[in-house]
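Visitor: Please take a close look at the enclosed cavities of this structure. I would like one connected account.

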Amino acid sequence: MKTEVKSTCCYCGVGCGVLIETEGERIIGVRGDPDHPANRGRLCTKGATLHLAANSPSRLLYPEQRAWRGQPGQRVSWDEALDAAADRFAASIREHGPNSVAFYISGQLMTEDYYVFNKLAKGLIGTNNVDTNSRLCMSSAVAGYKQTLGADAPPCSYEDIRQAEVIFIAGANPAVAHPIVFRMIEDARAANPDLKIIVADPRRSETAEIADLHLAIKPGTDIALFNGMLHVLISEGLVDSDYVARHTHGFAPLAEIVQRYTPEAVAEVCGIGAGDIVQAAQWFGQRGAALSLYCQGLNQSAHGTHNNAGIIHLHLATGQIGKPGAGPFSLTGQPNAMGGREVGGLSNLLSAHRDLANPRHRAEVAALWGIPSVPDKPGKSAIDLFRAVQTGEIKAVWIACTNPAHSLPNQPAVRAALQAADYVVLQETCANTDTAPFADLLLPATGWGEKQGTVTNSERRITHVHSAVPSPGEARHDWEIVVDFARRLAIRLNRDGERLFPYTDAESIFNEHRESTRGRDLDITGLSYARLDRDGPQQWPYPAGASGGAERLYADGVFPTSDGKARFVPIQHAPTADVPDAEHPISLLSGRLRDQWHGMSRTGTVPRLFNLEDEPLLAMHPCDLRHRGLSSGDLARVANARGSVVVRVAERPGLKKGRAWMPMHWGSQFMNSPGVNALACDATDPYSKQPELKHAAVQIARVDLPWPLAILRRCADQAEALALLDAARVRLADYPYATIGLYGRQSPLVVFRAATAEPLDDSAIAELDSVFGLADEAGAIIYADRTRHIAKKAVAEAGRLVGVRLCGESLAQGWLKQAMAEDELDAGLIRLALAPSGKPPRSVVARNIVCKCADASDVQIGQQLAAGGNLKTLQEKLKCGTYCGACLPEIKRMVAEYAPTEAAAA
Ligand code: SF4
């Protein structure tokens with residue numbers, strides 16, 4: 001029988017509600033929850049394919065212990081696994097003290113999971129060494145809010161997007177990173193053509209495409225821009241002096257500082273026009289409700305906290321906070337980074353927005369937990385934590401639901417630290433992450449669709465997530481693993497684990513967390529699982545007796561500071577940690593693609609999510625390419641003192657000269673290097689300890705690997721493709737350039753690309769043929785030109801092309817990939833796959849996919865329109881534009897070309 005269960009998308013912090021469709025114990029589909037306030041039924045491409053990423057063959061199903069790292073694990077029972085871990089942690093604590101162990105956890109965990117991890121470290125063991133990948137994502141937003149507004153509380157709601165008169169987007173690209181928020185922005189513009197959109201981004205991003213004003217600032221000059229805008233607000237009389245006087249402190253010292261930030265001076269620092277700075281400030285100060293949206297571009301910086309303070313200053317100076325359509329709105333990266341912040345899941349925080357440095361806060365938490373004290377020594381934040389693992393100060397590290405061997409900057413140093421660690425526990429859903437080979441003990445955790453608990457999205461909205469299917473194999477919920485381990489460790493430390501960890505279900509943990517918030521700014525004492533199920537997702541604060549959550553904070557101008565006033569911070573422009581110089585002249589920026597998520601451990605299992613880009617590309621300005629003798633499609637080595645990566649380059653005019661851009665998703669599972677984070681800078685912000693992941697100074701040089709290789713292998717289904725992907729990815733290390741990925745939809749392809757300095761010999765080719773199932777000569781067409789070292793092979797089964805190996809020359813790979821995925825190469829034309837020209841036969845029409853969600857191409861749309869179709873029939877027949885909506889402008893443009901009247905009506 002089919003059923004639907006309410007849950008949330010496990011990707012970004014928009015926190016879209018989903019309905020998971022199940023049949024028996026299997027997840028068979030997903031759709032947007034029409035009742036969820038965050039998305040009202042909409043989903044982006046990633047969310048709409050969640051169910052396809054739910055059945056990875058690399059799923060961890062049993063605890064595994066390794067005698068040697070990197071070797072296959074031996075299956076052990078949960079008792080054996082957790083006793084072994086408890087023995088190792090207890091021995092380290094006894095011998096070297098509580099700070100010799102650490103926990104590195106994740107914004108993907110449920111709030112309840114986070115809570116018990118925090119209590120395990122700070123309450124049972126007596127160390128504050130518990131940090132999270134949210135340190136890489138949101139800690140500057142936390143510190144920025146606290147320095148200015150007094151508490152880590154985004155004051156806005158998604159409803160404010162609809163009501164804004166001007167939207168200032170800085171260091172964020174919601175078109176790809178928060179697609180449903182971007183849909184809200186598009187809706188706001190459609191409803192209010194006068195809405196002004198300003199985007200500050202060093203790159204002409206997808207979001208910048210819809211901006212009325214794009215400020216393509218130099219990387220790391222955000223503070224100069226914000227101070228410059230404040231200068232204009234002051235000089236043009238756009239400051240709300242009454243608001244500043246009644247509700248803030250510290251304006252005068254900052255006003256003195258920003259006197260020097262004239263539009264002309266700032267234009268020089270930021271590399272943009274002075275008139276644009278004035279225009280941005282005027283729109284911000286004159287048009288009514290002003291809303292800022294910002295994310296990693298501000299946070300992932302060695303001065304991320306002050307970047308955040310700078311944008312918040314603009315709101316405090318103009319009184320644009322606490323009103324409909326106004327406020328500084330930090331977009332959360334991960335699905336439950338907010339929940340982690342609420343329970344104090346960082347090494348400097350305590351439950352319910354309490355500070356570790358505050359003795360009263362420590363005493364309150366100790367009383368709540370029934371322990372004598374919480375340790376006062378700050379724990380290690382992410383970067384320092386792994387440095388301490390490297391030096392041996394931390395002996396045992398427990399990693400849960402995150403992938404530091406991909407996501408942390410300066411990957412060579414991080415991997416050396418993991419290699420040097422005495423003991424590594426990895427609590428994960430899958431065994432094929434870059435971190436997994438470093439683990440001594442692998443513990444199988446439940447994942448999306450299986451987990452239970454609560455999550456909080458960017459607008460402070462808590463959703464109760466239900467398990468849709470039982471835990472597979474012996475996988476356990478994260479909180480269950482922690483509680484079981486904690487009780488075993490407590491016995492070894494002579495503590496009462498049953499009293500400290502009495503929980504029998506996630507709800508009992510939620511109830512304790514709820515009590516910890518009583519009287520705090522995020523008070524949720526009015527909430528319960530039952531209320532969340534009855535009334536739906538709710539925003540905090542929601543104190544006992546309330547009839548609803550708070551849509552907006554600070555409407556009364558009272559802030560959670562000692563005197564109720566917000567603070568201006570005397571901030572100054574500072575250069576990036578990595579300053580480009582003659583040796584490393586290019587500013588390398590990292591970012592996201594719309595259809596991939598983080599390290600691709602989930603989205604990298606769904607073939608159609610590679611259809612947008614199936615190879616990591618380094619985007620560069622045409623002049624920078626030419627200067628290095630490069631053209632689009634060539635290979636280049638990108639390097640700095642931290643690392644080196646070989647990558648294919650692509651011309652992108654949206655970048656200014658001297659800047660390059662690369663997606664952060666590809667790591668060692670999909671290419672032969674750790675990806676862009678091998679180069680990323682691990683300098684951190686002094687307040688938030690967040691590293692400068694967004695920017696690194698690099699040199700880029702042509703690399704001569706003149707012998708290309710491309711293998712396209714068609715598979716019967718996703719399961720077969722994933723099995724081949726797993727078997728073949730070990731070959732990545734054999735080549736100076738190599739990537740592997742998926743492509744297609746119904747009959748997915750595995751796509752392997754490599755390049756070498758010398759031609760491949762016959763044995764290397766034969767080995768590859770064997771890995772990709774192309775060894776059989778029967779039914780194969782072979783083209784070999786030994787003098788030119790070209791060796792091509794096409795394998796067909798029942799008249800269908802199932803595999804192609806192009807060695808020495810791979811010009812045809814583009815159209816072949818498309819033709820194989822669409823199964824449109826007729827049997828008589830298969831030999832053309834190996835033609836020296838590399839050109840497609842006339843029957844194969846080059847096409848562009850317009851709707852990536854429905855895989856609808858311009859050719860298909862054109863055929864429908866030529867047959868008299870309109871927008872409605874396109875949506876009915878091809879389903880294009882009916883999912884995330886990103887392609888609707890393009891589809892409407894095509895409709896307009898065929899039938900202007902119809903388009904106008906639409
Ligand atoms: Fe998931 Fe997309 Fe919604 Fe983000 S915007 S929560 S990725 S469906």
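Guide: What follows covers the cavities, with the two biggest in detail, and then one helix.

This is a predicted model: local features need pLDDT of at least 70, side-chain atom pairs count only at pLDDT 80 or more, and totals for chains, interfaces and linings use all residues. Residues are numbered from 1 along each chain as its sequence is written, and side-chain values use heavy atoms, with hydrogens and water left out.

Start with the rule. On a 1 Å grid over the protein atoms alone, a cavity is a set of points where a 1.4 Å probe fits but cannot get out. Grid points are joined across faces, edges and corners, and a volume is the space filled by probe spheres set on the points. Nine cavities of 30 Å³ or more result.

The largest cavity holds about 880 Å³ of space. Its lining counts 50 residues (each with an atom within 4 Å of a point). Nearest the centre of the largest cavity lie Q108, C401, W597, H598 and S601. Strand 1 (2-8), helix 18 (404-407) and strand 17 (423-428) are the elements that give two or more residues to this lining. Such elements are DSSP runs, numbered from the N terminus: helices are H or I of at least four residues, strands E of at least two. By residue class, the lining of the largest cavity has 18 nonpolar, 25 polar and seven charged. Here Ala, Val, Leu, Ile, Met, Phe, Trp, Tyr, Cys and Pro count as nonpolar, Asp, Glu, Lys and Arg as charged, and the others, Gly among them, as polar.

The second largest cavity holds about 480 Å³. It is lined by 34 residues. G171, Q296, G297, S590 and K694 lie nearest its centre. Helix 6 (174-177), helix 13 (296-299) and strand 23 (586-591) each supply at least two lining residues. Strand 23 gives the largest share, three residues. The lining of the second largest cavity divides into twelve nonpolar, 16 polar and six charged.

Now the helix. Helix 25 (residues 718-728) has A721, L722, L724, L725 and A728 buried, meaning under 20% relative accessible area with a 1.4 Å probe, protein chains only. These buried residues sit on the same side of helix 25, because they cover an arc of only 160 degrees around the axis, taken from the directions from the helix axis to the C-beta atoms. They pack against strand 29 (707-714), strand 30 (737-743), strand 31 (749-756) and helix 26 (762-771), with contact meaning heavy atoms within 4.5 Å.

Conventions
1 Å grid on protein atoms, 1.4 Å probe; cavity = no way out; pocket = protein on both sides within 12 Å on 5 of 7 lines; lining within 4 Å. Buried < 20%, exposed > 50% of the residue type's maximum accessible area, 1.4 Å probe, protein only.
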